[in-house]
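Here's a quick tour of one protein chain, from its annotated segments to a small group of aromatic rings. Have the sequence and the model open side by side.

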Amino acid sequence: MAALIAENFRFLSLFFKSKDVMIFNGLVALGTVGSEELFSVVAFNCPCSPARNYIYGLAAIGVPALALFIIGVIWNNHTWNLVAECHKRGTKNFSTAATFLLFGSIMGRAAVAPVTWSVISLLRGEAYICALSEFVKPSSLDKFPANYGADVLARFPCKDVPANLTKFRDEVTRRLRYESQLFGWLLIGIVAVLVFLTKCLKHCCSPLSYRQEAYWAQYRSNEAKLFQRTAEVHSRILAAKNVKQFFGFVALDKEEKELVQEFPVEGVQPSPQWNAITGVYIYRENKGFPLYSRLHKWAKGVEGNGPSPEGHEMLFLAS
């Protein structure tokens with residue numbers, strides 16, 4: 001039983017640590033759905049007042065979507081690679097296609113959460129009904145009393161209306177909910193078509209075969225994991241050496257003592273090396289052999305960043 005539980009936990013750990021784009025985007029979408037549901041239950045409260053409903057309804061849909069988009073841009077490693085690239089080398093080495101695909105990758109991933117938020121908000125309909133109830137034309141409602149206007153229509157989302165207007169409130173709510181859900185389903189369809197076309201365009205324009213592209217993805221993932229793990233050990237050993245030099249001793253546990261003994265660290269990498277492996281990478285080949293990353297390119301001793309007879313620039317493929 002214990003082995004089964006341990007195996008299940010290991011599976012979940014591998015699942016949530018996966019770098020697969022579809023799994024990552026799915027987790028982001030599920031998290032956004034849960035957040036939107038919580039927001040609707042706890043925080044959303046239509047003011048039911050003319051002129052305020054519209055602002056509040058649009059803010060309930062747009063402001064969280066904007067915040068999620070900005071967070072998505074911040075969390076994307078490509079964003080900071082691009083910032084480092086522009087700071088260190090400028091954009092003169094980017095082709096138009098590479099620049100377009102890079103920004104498309106950043107914006108596409110950042111758009112997952114805000115699009116999900118907007119879709120769920122539209123399918124629920126509360127924010128849309130709150131925003132547009134006051135703009136429903138009384139003349140479009142059969143036998144609507146002439147002595148009532150936008151101020152009463154604005155109170156429909158809160159159900160705070162005279163008894164003789166209950167049937168009109170139900171009709172307005174049903175009509176606006178229909179429009180809101182229609183826009184939500186249309187948004188889903190548009191996004192699905194765009195994702196499909198983007199995938200087709202990416203694979204059609206890719207300079208790599210399917211198997212080589214899969215290998216490149218595996219290489220990037222393994223390189224990132226090994227680099228992160230090695231950097232953590234290297235920094236820990238270097239910190240231990242510096243602390244020992246200051247105090248005369250360093251308090252290490254058994255595992256850390258073994259690391260210090262096994263991996264001697266003499267110093268730190270100079271800044272030019274860090275700059276060489278940092279930034280946006282455009283897939284290149286050198287004398288017919290692929291260079292899969294900036295670290296790979298640095299390890300092979302290939303100089304320069306622009307296209308040359310020996311280093312042919314290929315199309316950027318966003319991971």
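What share of the chain is helix over residues 182-201, and how far apart are the end C-alpha atoms? In this predicted model, residues 182-201 come out as 100% helix and 0% strand, with the end C-alpha atoms 29 Å apart. That stretch is one of those that the unreviewed UniProt entry annotates as "transmembrane region"; the record also lists 21-42, 54-75 and 96-117. Here are two of the annotated stretches next to each other:

| Residues | Helix | Strand | End C-alpha atoms apart |
|---|---|---|---|
| 54-75 | 100% | 0% | 32 Å |
| 182-201 | 100% | 0% | 29 Å |

Now for the rings. The structure has six aromatic pairs. Take Tyr219 and Tyr292: their ring centres sit 5.7 Å apart and their planes are at 40 degrees, so this pair counts as tilted. Tyr219 belongs to helix α10 (residues 210-247), while Tyr292 is in the loop between β2 (289-291) and α13 (294-299), so the pair ties together parts that are 73 residues apart in sequence.

Is each partner buried or exposed? Tyr292 has 9% relative accessibility, so it counts as buried. Tyr219, at 23%, counts as partly exposed, because the cut-off for buried is under 20%.

The two tyrosines have company, too: Tyr215 joins Tyr219 and Tyr292 in one aromatic cluster.

One more ring to look at is Trp216. Arg220 lies over the face of Trp216, 4.5 Å from the ring centre.

Definitions and conventions. Residues are numbered from 1 along each chain as its sequence is written. This is a predicted model: local features need pLDDT of at least 70, side-chain atom pairs count only at pLDDT 80 or more; totals for chains, interfaces and linings use all residues. Side-chain values use heavy atoms; hydrogens and water are left out. Rings of Phe, Tyr and Trp (its six-membered ring) pair if their centres lie within 6.5 Å; planes under 30 degrees apart count as stacked, over 60 as edge-to-face and the rest as tilted. Helices (H or I, at least four residues) and strands (E, at least two) are DSSP runs, numbered from the N terminus. Buried means under 20% relative accessible area, exposed over 50%, partly exposed in between (1.4 Å probe, protein chains only). A charge sits over a ring if NZ of Lys or CZ of Arg is within 6 Å of the ring centre and within 35 degrees of the ring normal. UniProt positions are given in the numbering used here, feature names are shortened, and annotations may be inferred rather than shown by experiment.
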